[in-house]
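Student: I would like to go through this model step by step. Where do we start?

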Amino acid sequence: MNHLRAAFLRSSWLASPPCTQRGLHNISRGAWRASAHSAQRETLSSSRTSWRNASTSTGPSSSSSSPPPGSRPQFKSREEAYRARNRSLLMYTSAVIVFGVGVTYAAVPLYRMFCAATGFAGTPKVGMGKFEADRLVPVEDAKRIKVHFNADTSDALPWSFTPQQKFVSVLPGETSLAFYKAKNKSDKDIIGIATYNVTPDRIAPYFAKVECFCFEEQKLLAGEEVDMPLLFFIDRDVLDDPACRNLDDIVLSYTFFRARRNAQGHLEPDAPDDVVQASQGFADYEMAPKAEDRKKSDDASQ
């Protein structure tokens, strides 16, 4: 219809005089504008109708729905946001403090476990999972290694402590049983604790003890005498280490101290730290001062 109306107006405009043509031109422009506005209103009305139908079919808008999971919580006021932030900071700080206290109390046993696991500074390895039963088989064509036993006691401990044998010769992978004898020569019950080390240091990673009396409470009654067993072996991997290829002799040393309770209630040797460290083979290593010693020095400096 719009096309027919435009064609009619054009033919009329061509047949009319110039003044009439200007009038018809204005009329055609007005009709075109009216038709364009009418089409635009129809398009807008149809889009609104379709949008309303879609809104009715899909239910309420997403703005009224709950926020997706994992999104940040919305706080009603700045004070609530600050309270939540302070609560999180308090939880993290408390966790760090608890972790630090736990590490402090576990430092000594963890250090002993590390030395026993790695053979650090001549500390013999204690039996671990990698030393399984199928590995405890003597290497028959290997050279025997002579293990010498040594025993010492602290001056503050009135005990006699001696090895039952001077040495034993073992093959790599062969288990061996040895004994020490301890006697309380005083008229009082005494608790002792022993430290140990093995020399030379390069054999320590391969010297493993399955059963031992070291670092454990050993209480002897007045005048009591006991035998203390030691079950050990030398790992067969020692044959693959060039540093231990010409090694013929090993010395295993034990030192007994009188036991005392520290501030945490644990038993420890009742002797100066340098003496205890030397008995474990750490005489040539610089040790960090204890926490209580550092605190005393700080207080003295202030």
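Tutor: Two strands pair if DSSP finds at least two bridges between them. Keep in mind that the model is predicted. With that rule we can read the strand partners.

Student: Which residue of β5 stands opposite P163?

Tutor: Strand β3 covers residues 159-163. Five bridges join β3 to β5, and the two run antiparallel. Opposite P163 in β5 stands Y180.

Student: How many bridges link β5 with β9?

Tutor: Strand β9 spans residues 225-234. The sense of its pairing with β5 is antiparallel. In this pairing, S176 stands opposite F232 of β9. The bridge count for β5 and β9 is nine.

Student: Which side chains of β5 point to the buried face?

Tutor: β5 runs over residues 175-184, and its side chains alternate. T175, L177, F179, K181 and K183 point to one face and are not buried. The buried ones on the other face are S176, A178, Y180, A182 and N184.

Student: What does T162 touch, leaving out residues up to four places away in sequence?

Tutor: T162 is found in strand β3. Its relative accessible area is 40%, so T162 is partly exposed. The C-alpha atoms of T162 and A151 are separated by 5.5 Å, though the two residues are eleven apart along the chain. The contacts of T162 are A151, Y180 and K181.

Student: How many salt bridges does a search of the whole structure find?

Tutor: The test pairs a side-chain nitrogen of Lys or Arg with a carboxyl oxygen of Asp or Glu, within 4 Å. Applied to the whole structure, the search gives three.

Student: Which residue forms a salt bridge with K143?

Tutor: The closest N and O atoms of this pair are 2.6 Å apart. K143 lies in the loop between β1 (125-126) and β2 (145-153), and its partner lies in the loop between β9 and β10 (249-261), 105 residues apart. K143 is partly exposed at 45%, and the partner is partly exposed at 36%. That partner is D248.

Student: What is the closest N and O separation between R144 and E174?

Tutor: R144 and E174 form a salt bridge. R144 is in the loop between β1 and β2, and E174 is in the loop between β4 (167-170) and β5, 30 residues apart. R144 has 44% relative accessibility, so it counts as partly exposed; E174, at 22%, is partly exposed too. The closest N and O atoms are 3.4 Å apart.

Student: How many residues apart in sequence are K181 and E225?

Tutor: K181 forms a salt bridge with E225, with the closest N and O atoms 3.9 Å apart. K181 lies in strand β5 and E225 in strand β9, so the salt bridge ties together parts that are distant by sequence number: 44 residues apart.

Student: How many disulfides are there?

Tutor: A disulfide is a covalent bond between the sulfur atoms of two cysteines. The cut-off is a pair of cysteine sulfur atoms within 2.5 Å. C212 is buried at 14% relative accessibility, and C244 is buried at 6%. By the distance rule, the count of disulfides is zero.

Student: Which residue does a cis peptide bond join to T199?

Tutor: Omega is about 0° for this bond. The partner sits in the loop between β6 (190-199) and β7 (207-211). The residue is P200.

Technical notes:
Residues are numbered from 1 along each chain as its sequence is written. This is a predicted model: local features need pLDDT of at least 70, side-chain atom pairs count only at pLDDT 80 or more; totals for chains, interfaces and linings use all residues. Side-chain values use heavy atoms; hydrogens and water are left out. Buried means under 20% relative accessible area, exposed over 50%, partly exposed in between (1.4 Å probe, protein chains only). Helices (H or I, at least four residues) and strands (E, at least two) are DSSP runs, numbered from the N terminus. Contact means heavy atoms within 4.5 Å.
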